[in-house]
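Student: I'd like a close look at one part of this protein, and then a walk outward from there. Could you take it slowly and keep it informal?

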Amino acid sequence: MAASVPQKLVGIIGAGIAGPAFALQLLSHPRLASLYRPLLLDKTPDPSTLSSEDQAKKESASFGAAVAVFPNGLHPLYALGLREAVESASLPLDIISFWKSPTASSTPHYEYGTIDHPTWSHGLQSDAINIERSALRDMLLKAARERGCETMWDKKIKGFEEQDKGATKINFEDGSDLTVDLLVGADGGYSMVRKYILDKRDPATAEKRWLPDFMHQTGFYGISKGFPYDKDVSSRATIGIWLDRGMLASAPVPGDKIRWDLVLPEKEAPPASRAVVDTPKSEGKFPWESAILPSAYSHDSSVEILQKHMNAFHPAAGTIGNLLENAEQIIRTPLRQRVWKAKEIQYGNVALIGDAARLMLPSSGQGTGFGIEDATVLAAKLLEHSKSSADQNDLRPALEAYARERVPRSKKMATVAWVTGKLAMADSWFWRWVRDFVSRWFPVGYNYKNDPKAKDPWPLDARFNVDR
Ligand SMILES: Cc1cc2nc3c(=O)[nH]c(=O)nc-3n(C[C@H](O)[C@H](O)[C@H](O)COP(=O)(O)OP(=O)(O)OC[C@H]3O[C@@H](n4cnc5c(N)ncnc54)[C@H](O)[C@@H]3O)c2cc1C
C-alpha cells in the first residue's frame, strides 16, 4: 500500500514557475501526495515580505516581466483547478495584430491586419492568456501552500553531495544542509543543479556544456502603465511589429498595463551572468531612464539603443517612446538558447525542469508552458513508477523516461524559436526577404473561434496529464 511507505522528501530548487507547478502536481494527486513531500527552496527573499514594487523588480530582473501562456500550458493549470484564478489574473490573447514600423519616422508604418482568437482552443474553450509573471508565480505558490507545500526562502545553494540510496545532500551558503531523496532543479536558465549533473556526467566538459548559446539577440522587456484595456481593438490586441531590424511584441495585462518585448540583433554578448549596478550618475537625458533595471549591460548603451527606437510607431501607445515614458520597469538581457541532452537533465535521483532543462528564445513564447508541461510529465512518470517498480528508492527509471520524452519536443520547439527569431531580427537581406514574403501570408481577417474545424496547431495541441 502506498500509504505504508515512508514519504520521500523532494527538494525542489527554485520557486519560480516550474518548481511550484511540480510541487502542486505532487500534492494534487492522492497517491503522489502520500509518497512524496515536496519542499521548495529559493535563493530570493520571501516575496510576501517585500513591498509590491520591490517584488516586481526582483521578479523581473531575471525572468521576464510578463508571459503568454498557450493552451498546452493552460491545460495542466486548469486540471489543477486553477482556471478561475488564472482568468482573473490575466487577459485573453484574443486578437493579434501585425504591423511593420520603420525606425525612421519619415517612412510610413503599415498594417498587415488582425486575426481574431488566433490561439483559440475548442477543446479547452480558451484563448491563450497574457499574465504578469509575478501574478502567475504568486498564484502557483498560493495554491501549493494551500495544499500543504512548505517553502524555504533565502536558501542559496553552495553545492551538492551524492549520498547512499540515491539521496543528495544540499549544502547552503548559510552553513546549513539538507538531505533529500529526490532533487529537482527548477532553478532557471543558469541552473546550479544542471552544473552538478554535468559535473557528474563529465567534469571535463561540464563548464562548456553549462552555458547556453548566445543567439546574437538582446531583449528589452518592459511593463508600461496607463493604457486602459477597452473596446478599441488596438488597446486589446496582442501586437507584433516588424522593425527595420528586430521586432517589438506587446500585449495588455491587467491593471491598464502593456507588457512589451523589444528584441534586437546584437553582435557580442556581455559577460555571462554579471549584473552591473550601473545607474546614471545624474538624472539622465530622458525621464524613463530611471526605469531601466541594473543588468549585465551598461546603462548608457541601453539608453542609446532605446532612444533610436523612440519614434517607431506603436498602434496602442502611438510610439515606442510613449511606452518608454510610461514604463514601470525595463529589463535588458542577452538572449541565449540551448536544449540539453537527456543525460544532461537527469542523473540518478536528480532531474531538471523548466528553463533549467532547456532555455529558449522568447520567440518560442513557450518557456512557461514547457515548464508547466515538464512538471506534469515528471509527476506522471513518478506515478507510473510507483505502480510498476519494485525498488522505490531508485527513481532513475522514472527520471530517465521523463528526460527521454521531453528532449525531442524541446528540440523541435527551439528550432521553431530559432527560425522565428531569425525572421524577427531580419539582419541580412535573405531574412528580410523571407520576412516580407511570409508576412503576406498571415491569415488576416480570420476568426479561429468561429471555425468549428479549427484545430490546435503544434505545440499548442499537447495535453499532458499526471494520470494518463
Ligand atoms: C522577457 C521574457 C519574456 C518571456 N516571455 C515568455 C512568454 O511570452 N511565454 C512564455 O511561456 N515564456 C516566456 N518567457 C520565459 C519564461 O519567463 C520562463 O521560461 C519561465 O519563467 C521559466 O520558469 P522556471 O520556473 O523554469 O524558471 P524561473 O522562472 O527562472 O525561476 C527560477 C527560480 O529559481 C530560483 N533560483 C535560481 N538559482 C537558484 C539557486 N542557486 N538557489 C536557489 N534558488 C535559485 C530563482 O530565484 C527563481 O525563483 C519569457 C522570458 C523572458 C526573459
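Which side chain does the side chain of S224 make a polar contact with?

Tutor: Before we zoom in, keep in mind that this is a predicted model. The partner you're after is W260: its side chain and that of S224 make a polar contact at 2.8 Å. S224 has another polar link as well, since its side chain reaches the backbone oxygen of L323 at 2.7 Å.

Now for the setting. S224 sits in strand β13, which runs over residues 213-225. With a relative accessible area of 0%, S224 counts as buried, because the cut-off for that label is under 20%. If you set aside residues up to four places away in sequence, S224 touches D256, K257, I258, W260, L323, N326, A327 and E328. One of those, A327, is where a stretch of a UniProt annotation begins: the record, an unreviewed entry, has "domain: FAD-binding" covering residues 130-196 and 327-414.

Those two stretches can be described separately. Residues 130-196 are 28% helix and 37% strand, with end C-alpha atoms 34 Å apart. For residues 327-414, the figures are 47% helix and 23% strand, and the end C-alpha atoms lie 30 Å apart.

Let's move on to the ligand. There are 32 residues around the ligand, and the ones that come nearest are D42, R133, Y221, D355 and T368. Three polar approaches to ligand oxygen atoms are worth clicking on. A polar side-chain atom of D42 lies 2.6 Å from one oxygen atom, an N or O atom in the side chain of D355 is 2.7 Å from an oxygen atom, and for A18 a backbone N or O atom lies 2.8 Å from an oxygen atom. As for how covered the ligand is, it exposes 1000 Å² when taken alone, and the protein buries 93% of that. By type, the shell splits into 13 nonpolar, eleven polar and eight charged residues. Elements that each supply at least two shell residues include β3 (66-69), α6 (133-146) and α12 (367-388).

Next up is helix α4, residues 71-79. Eight of its nine residues are buried, so the helix is largely enclosed by the rest of the structure. The buried ones are P71, N72, G73, L74, H75, P76, L77 and Y78. Just after α4, G81 takes a positive phi of about 85 degrees.

P71 also leads us to another serine. S121 is in contact with P71, S126, D456 and R463, leaving aside neighbours within four places in sequence. S121 is placed in the loop between β6 (110-116) and β7 (128-132). Despite being in a loop, S121 is buried, with a relative accessible area of 0%.

Last stop: L306, in helix α10 (residues 299-308). L306 has a relative accessible area of 1%, so it counts as buried. Its contacts, again without neighbours within four places in sequence, are F220, L262, W288, I292, L324 and I330. The C-alpha atom of L306 is separated by 8.4 Å from that of G321, and these two residues are 15 apart along the chain.

To come back to where you started: S224 is buried in the model, and its side chain has both the side chain of W260 and the backbone oxygen of L323 as polar partners.

Note on methods: Residues are numbered from 1 along each chain as its sequence is written. This is a predicted model: local features need pLDDT of at least 70, side-chain atom pairs count only at pLDDT 80 or more; totals for chains, interfaces and linings use all residues. Side-chain values use heavy atoms; hydrogens and water are left out. A residue is near a molecule or strand if one of its heavy atoms lies within 4 Å of it. A polar contact is a pair of N or O atoms within 3.5 Å; within protein, one must be able to donate a hydrogen and the other to accept it, and residues adjacent in sequence count only if both atoms are side-chain atoms. Accessible areas come from the Shrake-Rupley method with a 1.4 Å probe; for residues, only the protein chains shown count as cover. Helices (H or I, at least four residues) and strands (E, at least two) are DSSP runs, numbered from the N terminus. Ala, Val, Leu, Ile, Met, Phe, Trp, Tyr, Cys and Pro count as nonpolar, Asp, Glu, Lys and Arg as charged, and the others, Gly among them, as polar. Buried means under 20% relative accessible area, exposed over 50%, partly exposed in between (1.4 Å probe, protein chains only). Contact means heavy atoms within 4.5 Å. UniProt positions are given in the numbering used here, feature names are shortened, and annotations may be inferred rather than shown by experiment.
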